[in-house]
Amino acid sequence: MNESPARERPKNTYTALDFFAGSGLVTEALSPWFNVVWANDVSAKKARTYAANHGEGHFVFEDIKNISGTQLPPAILAWASFPCQDLSLAGKIGGIHAPRSGLVWEWLRVLDELDARPPILVAENVLGLLSSKGGAGYIDLHNALTERGYNVGPLLIDARRFLPQSRPRVFVVAARHGIPIKQLPRGKDLWAQTGKVFSRLRERLDNVVPWDIEPPKALIPRLEECIEKDAPFPKKEWQEHNLSLILEKRLKQFDSSKETISAGYRRIRNGRQVLEIRFDGIAGCLRTPCGGSSKQLLIFKAAEGFKIRFMTAREAARLMGAPDSYKLPGTYLDGYMAMGDAVAMPAARHLAKYLLHPLAEVACANVRKHQEAV
Ligand SMILES: C[S@@+](CC[C@H](N)C(=O)[O-])C[C@H]1O[C@@H](n2cnc3c(N)ncnc32)[C@H](O)[C@@H]1O
């Protein structure tokens, strides 16, 4: 579907570290402006995807707990898409100090061990970081970054502004004190900082940076454009069973006048398994399937009736904005898993283009000016 932007990549100017790099969509998103010189992850399957697309020379297949900052190269940017399980509204909310999401503190420990912390940091996670427990997780992270000498603010960016997938994510951006953030190009409004969650946050913190970046103007592909036309359908009995999980009242919501493609998940509601379908023309948030569950289904309605199948790994990759040239090694499930908890590529790229790269430019211009003056 998409052409790989890597092909016409301009010379990268700035260096970056990609912590919890998974299948590498952050490295891919940053690539026009930042050259990732070090990345890590603990999943062997995702490491294979990362290596297949970005090489393995700079990739460290290691638990963050065993990483020492003294081993890392210097960089302008450090990005951490840390595990979301303890902040996800779908899971039990243990919070930012629970074992999995709490790995963010290991990231900070590694940064503390570097000769010099990068001037720009990004921590990315689910909305629960800002919204659960009155924003307690965000506030702890915000204060930890502020204490380390950064100006900090979160942006809430939903992948649906670029792709036919609902995927709201919080991007916490921190710029070292002294970076003249007033010199950044300004957008039209604080579109990535609106809503109740931000007004509540501002009541509790008086130093949230109002990051003001260009709003996305991308032409959003339709769900139909992400479909693999020749993907096979399973046996009739399997399809009939899954279609029988759609509630009668939902079946009536299908537009009888045209062919449609809808996405849905099987869920337990009131003790019964149902297939919940979206009727807004986009897919639900992709998740990491555990043991084959939580995979998204596609329902095709045509004049001759309904057909149903699981979404393919390539369709999942398209819904994350990965170019079709992005390699998905291993089985179907490996490919689907590699995409399930990745970062939507165009959302990260938008942030890189309109905030991280301008920040790197002003940060480095500032250092150059300082050096010339000495
Ligand atoms: C939200 S995903 C990051 C996705 C990635 N940025 C991408 O675009 O594909 C979190 C990642 O943390 C990794 N992870 C979990 N525990 C880890 C640990 N102890 N050390 C290093 N990585 C870990 C997971 O394997 C997973 O790939």
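What percentage of the 374 residues in the protein chain is buried? In this predicted model, buried residues account for 42% of the 374 residues.

**Overall fold**

The protein chain contains eleven helices and eleven strands. Its C-alpha atoms occupy a box of roughly 75 × 45 × 40 Å along the principal axes. The radius of gyration of the protein chain is 21 Å, which agrees with the value near 21 Å for a compact globule, because that is what 374 residues would give. Sequence separation within the contacts can also be stated: of those between residues at least 6 apart in sequence, 67% join residues at least 24 apart.

**Strand β1 and its partners**

Strand β1 spans residues 14-19 and is mostly covered, with five of its six residues buried. Two strands pair with β1, as summarised below.

| Partner of β1 | Bridges | Direction | Example of facing residues |
|---|---|---|---|
| β2 | five | parallel | T15 and N35 |
| β4 (residues 77-80) | four | parallel | F19 and A80 |

Thus β1 and β2 run parallel and are joined by five bridges, with N35 of β2 as the bridge partner of T15. Between these two strands the chain passes through α1, and the resulting β-α-β crossover is right-handed. Towards β4, which also runs parallel to β1, there are four bridges; here F19 stands opposite A80.

**Surroundings of the ligand**

Which residues come nearest to the ligand? Of the 21 residues around the ligand, these are F20, G22, S43, S81 and A342. Two elements, α1 (25-30) and β2 (34-41), each contribute at least two residues to the shell. The helix and the second strand of the right-handed β-α-β crossover are therefore both represented in the shell, because α1 and β2 each supply at least two of its residues. By residue class, the shell comprises eleven nonpolar, five polar and five charged residues.

**Helix α10**

Helix α10 covers residues 332-340, and its buried residues are G335, Y336, M337, A338, M339 and G340. What do the buried residues of α10 pack against? They pack against two helices, α2 (44-54) and α9 (313-319). As a general point, an α-helix has 3.6 residues a turn, so residues three or four places apart point the same way.

Technical notes: Residues numbered from 1 in each chain as written. Predicted model: local features only at pLDDT ≥ 70, side-chain atom pairs only at ≥ 80, totals over all residues. Rg over C-alpha atoms; globule rule 2.2 N^0.38 Å. Buried ≥ 20, exposed ≤ 12 C-beta atoms within 10 Å, placed from the backbone. Contact = placed C-beta atoms within 7 Å. Near = placed C-beta within 6 Å. Nonpolar A, V, L, I, M, F, W, Y, C, P; charged D, E, K, R; others polar. Pairing = 2+ DSSP bridges. Right-handed = clockwise from strand over helix to strand, strands pointing away.
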